Amino acid sequence: MRYDIISDTHGYLSKRLLDELQGADTIVHAGDICSASDYRALGQIAPVQLCLGNNDWSYDFGPEVKRVKVFFSSGLRWEVCHYRERLDLKLCDIAICGHTHRPFAERDRATGVLVMNPGSPTYPRSGGPSMGRIICEEGKVVSARIIPLDEGE
């Protein structure tokens, strides 16, 4: 299963991002989507697992979208929260966050949980625009990486 991870799109989905998302099995968005129409557009590509970010307070995405999103997929428990410090790594196998607009993918030393912040495809704060991709098979993470979204690539 291919999970494409995004965050902090802030009401803008670039052509480069939309092209890269094609073929995803699931899109995980870690908040600050800031657009109900973008939520619907992403849902036409793949099922979307979305949590609310600090700039999503005025939007209604439906009752299933909350500050923390927990779901099970590929035999793994996922937790998605805009703020890394609010993730409970004792309760998940994969943790996704956003907010800082700075990408990383790492294993937590204490728990072994994969923690990813995909950065921002819209307003990056270090490096260029980015997203993440996680491939899972048979209850384990096969690969996890940050994908640069520079228009020239």
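Does K15 count as buried, partly exposed or exposed, and at what relative accessibility? What we have here is a predicted model, and in it K15 counts as exposed, at 60% relative accessibility. 

## The domain in the record

According to UniProt, in an unreviewed entry, residues 1–133 carry the label "domain: Calcineurin-like phosphoesterase". Over that stretch the chain is 11% helix and 29% strand. The C-alpha atoms at its two ends sit 10 Å apart.

## Two unusual backbone angles

Have a look at the loop between β1 (2–6) and α1 (15–21), where D8 is found. D8 isn't a glycine, yet its phi is positive, at about 55°. D8 is also buried, with a relative accessible area of 0%.

H10 belongs to the loop between β1 and α1 as well. Its phi is near 50°, again a positive value in a residue other than glycine. How buried or exposed is H10? H10 is partly exposed, with a relative accessible area of 21%. The cut-off for buried is under 20%, so H10 falls outside that class.

## Salt bridges along helix α1

The count of salt bridges comes to six. One of them joins the side chains of K15 and D19, at 2.8 Å from N to O. K15 and D19 are four residues apart in helix α1, so about one helical turn separates them. K15 is the exposed residue we started with, while D19 is partly exposed, with a relative accessible area of 43%.

Helix α1 also holds R16 and E20, four residues apart, or about one turn of the helix. Their side chains meet in a salt bridge of 2.9 Å, N to O. Buried or exposed: what are R16 and E20? Both are buried.

## A network of charges

R16 and E20 have further company: together with R2, D4 and R133, they are linked in a network of salt bridges.

## A link across the sequence

Now for a pair outside the helix. The side chains of R84 and E106 meet in a salt bridge, 2.9 Å from N to O. R84 lies in the loop between β5 (76–81) and β6 (94–96), and E106 lies in strand β7 (residues 104–107), so this pair ties together parts that are 22 residues apart in sequence.

How accessible is R84? At 34% relative accessibility, R84 counts as partly exposed. E106 counts as partly exposed too, at 35%.

Terms used
Residues are numbered from 1 along each chain as its sequence is written. This is a predicted model: local features need pLDDT of at least 70, side-chain atom pairs count only at pLDDT 80 or more; totals for chains, interfaces and linings use all residues. Side-chain values use heavy atoms; hydrogens and water are left out. UniProt positions are given in the numbering used here, feature names are shortened, and annotations may be inferred rather than shown by experiment. Buried means under 20% relative accessible area, exposed over 50%, partly exposed in between (1.4 Å probe, protein chains only). A salt bridge is a side-chain nitrogen of Lys or Arg within 4 Å of a carboxyl oxygen of Asp or Glu.
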